[in-house]
Amino acid sequence: MQLRVALLGLAAVAPLTGWPASVLAAPAAPSCVQSDAVRVWTSPRSPAVGQPLEIMAVATDAGVDGLEVFDPTGQPLSLRTEPNGGPPWSLYATLFRPSRGTYRIQAMRGGRPVSCRDVEVGGAAGASRDFHSAQWDRATEALYSAWIERLFDAPPGQRLSFPSLQPVLRNPGRNFLYGYLGQGEDDRLPATPDCADLPYVLRAYFAWKVGLPIAYRSCSRGTTSSPPRCGAPVTEQGFGPAPRPASYFKGISRRIVDTVHSGSARTALGDEASDFYPVPLTRAALRPGTVYADPYGHVLVIVKWVPQSGSRSGLLLAVDAQPDNTVSRKRFWQGTFLFSDDVRSAGPGFKAFRPVVGEGGGKGRVRLLSHDALRRDARFVPYSAEQVGLRPDDFYARIDRLINPRGLAPEMAYEATLDALMEQIETRVTSVNNAEDYVRRTRGTVVPMPRGGAIFETTGPWEDYSTPSRDMRLLIAMKVLDSLPRRILRYPDLFVLTGESAAEAKSRIDRLHAQRMEERSITYRRSDGSPWRLSLKDIYDRRSRLEVAYNPNDCVELRWGAAPGTEEYAPCSRHAPPEQRARMDEYRHWFRETRRPPR
């Protein structure tokens, strides 16, 4: 059995002085205190004898070096720790088979304790509860970031994808709050959010476990000339302080997903009647848990920064959910994080959840912080309007400098962009396969096709199994890779050119691009079950056919742009109704121009 503990560091403070041996032998001594900068958290809420206890330390000023844990007799214990990211920084450990009594846990930095917590094992229910404040503050926001990072952690090069959010939340190795309430509450918990729902469900789940208030609004979807507008907030304050059962969370999460949609995160960057607010484009502000809203309604959640090293480019990683409920991790690049400086109909960019805080007056009353308050409140990432009016090229250049502050050799930049494109194509393989499985299950039932711009925003089987939004992003992504050599000429300061001119580097990457187009490939399953290989060049050569390849009523060969009469096309026996094909031709110019229609 294990005991899980978490340490959270929140602001720069002077290290606490060390404790003498006499104090360490008495773990309940009053000198053991949590600091403002570093907080020790544990899970579950009521640690039990012989059951795993998890420990996490998170810090916003700097990392912590280690954990010192003393058992009820004052004997030190040796624990294996797992560090993560920063800011905020976190350090995770597990205490196996704890005995009855009080354990002392210290977060260490430079050989000195910077925070201390006593945890009673086998005591009264809730005796070791961490979240005594029951409010969003610097500590809980930092823990939220650390929790998100661990939830989706994996080696940077690993492709991370799940059929839904359920297996993520039900995995105690990922979810620090798994079973936190001690009610077996995660065992059968449904969690199948789509793209717009994902950040809300993650935030609500965390608030449920920790006992914090949350808020959400009903919003319009916007028009051609104005971004979405939202109504008054609905606040939910029933998660704490007493633990609530899974049924209570299910009810609230259902109300949330029935209310929010793709317009909820696209509100204007200066709009205060919103669930989110824009943040500075700095490494400190763009923490795990920060949301990215693109101009067309797609939403991603930052989960990890991977620092640049001598032999590897840096990475900014995020997760998104698809209409078929799959949840996948993706890297930041122009093919997945779409940005526009036309904010008449949307407010795209990086945003944080607007904090819900106590009024200070009437008991139990809460309010959402205004932009002006967020500029002055040191507990939270400040409001910033710096994304307003940024040209897309300048926006991407700003983020690229955060990801790779030392710049990249042109080859490394090209290979990183190529890998990102291939990830996107592989994700489409999964999406198209899911649609084929649905068609087989329903014995060829024709999926109704919406009219006009609704092909991008609808519900039901079309939303789940068509790919117009994903295909438009793929067409954009292919343009991005194609244009990288020209980007070397425009932004030479982003690249390490080692003595050669930008023009020479461009020519060299042009040649590398031609070579990689033949080498890189994907394989999809044809209608008869046989595999078919497509090189990246094949996919580029059929871009025009991919402009009308998103309809799940078409055979898989057509969805990959196979030309009639070819060997590849031979097993195809299913076609979209003629009326649907005619409308796809009518809408084709949207994909050729890679521009969504106005609402």
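Hi everyone. Let me start with two helices: H2 passes H4 in a right-handed crossing. Before I go on, please keep in mind that this is a predicted model.

So, where are these two helices? H2 covers residues 138–151 and H4 covers residues 198–210, and their axes come within 11 Å of each other, crossing at roughly 120°. How do we describe that angle in a word? H2 and H4 are oblique to each other, because an angle of roughly 120° belongs to neither the roughly perpendicular range, 65 to 115, nor the roughly antiparallel one, over 145.

Which residues make the contact? On the H2 side you can look for Thr 140, Glu 141, Leu 143, Tyr 144, Trp 147, Ile 148 and Leu 151. On the H4 side, the partners are Pro 199, Leu 202, Arg 203, Tyr 205, Phe 206 and Val 210. Sorted by character, the residues of this contact are ten nonpolar, one polar and two charged.

While we are on H2, have a look at Arg 138, which lies in that helix. Is it buried or exposed? With 23% relative accessibility, Arg 138 counts as partly exposed, since that class sits between the 20% and 50% cut-offs. Arg 138 also makes a nice lesson about sequence and space: Asp 377 is 239 residues away from it in sequence, yet the two C-alpha atoms are 9.9 Å apart.

Let's zoom out to the whole chain. How many helices and strands are there? The chain has 16 helices and 22 strands. Its radius of gyration is 26 Å, close to the 25 Å that the globule rule gives for 599 residues, so the chain is as compact as a globular protein of that length. If you drew a box around the C-alpha atoms along the principal axes, that box would be roughly 85 × 60 × 50 Å. Of the 599 residues, 58% count as buried. And if you take the contacts in the chain with a separation of 6 or more, 71% of them come from residues 24 or more positions apart.

Now for a second pair of helices, H10 and H11. Their axes come within 7 Å and cross at roughly 165°. Which way do they run relative to each other? H10 and H11 are roughly antiparallel, because the label applies to angles over 145 degrees. H10 passes H11 in a right-handed crossing.

In this contact, H10 brings Leu 481, Asp 482, Leu 484, Pro 485, Arg 486, Ile 488 and Leu 489. H11 brings Ala 502, Ala 503, Ala 505, Lys 506, Ile 509, Asp 510 and His 513. That set divides into nine nonpolar, one polar and four charged residues.

The loop joining these helices deserves a stop too. H10 spans 468–490 and H11 spans 502–519, and Thr 498 lies in the loop between them. Tyr 491 has its place in the loop between H10 and H11 as well. Which of the two classes, buried or exposed, does Tyr 491 belong to? At 9% relative accessibility, Tyr 491 counts as buried. Thr 498, at 71% relative accessibility, counts as exposed. Thr 498 has a positive phi of about 45°, although it is not a glycine.

What does Tyr 491 touch? Leaving aside residues up to four places away in sequence, Tyr 491 touches Asp 393, Asp 394 and Ala 397. Phe 591, on the other hand, is 100 residues from Tyr 491 in sequence and 28 Å from it in space, C-alpha to C-alpha.

Let me finish with some backbone details in the loops between strands. Arg 97 has a positive phi, near 45°, and is a residue other than glycine. You can find Arg 97 in the loop between S7 and strand S8, which covers 101–109. Arg 97 counts as exposed, at 60% relative accessibility.

And where are the cis peptide bonds I wanted to show you? One runs from Ser 43 to Pro 44, with omega near 15°. Pro 44 is found in the loop between strand S2 (38–43) and strand S3 (53–59). Another cis bond runs from Pro 87 to Pro 88, with omega near -15°. Pro 88 has its place in the loop between strand S6 (81–84) and strand S7 (89–96).

That's my tour. Thanks for listening, and do rotate the model yourselves!

Terms used. Residues numbered from 1 in each chain as written. Predicted model: local features only at pLDDT ≥ 70, side-chain atom pairs only at ≥ 80, totals over all residues. Heavy atoms only, no water. Axes fitted to C-alpha atoms, helices over the stretch in contact; angles between N-to-C directions. Helix = DSSP H or I, 4+ residues; strand = E, 2+ residues; numbered from the N terminus. Left-handed = near helix turned anticlockwise from the far one by under 90°. Contact = heavy atoms within 4.5 Å. Nonpolar A, V, L, I, M, F, W, Y, C, P; charged D, E, K, R; others polar. Rg over C-alpha atoms; globule rule 2.2 N^0.38 Å. Buried < 20%, exposed > 50% of the residue type's maximum accessible area, 1.4 Å probe, protein only. Parallel < 35°, antiparallel > 145°, perpendicular 65-115°, else oblique.
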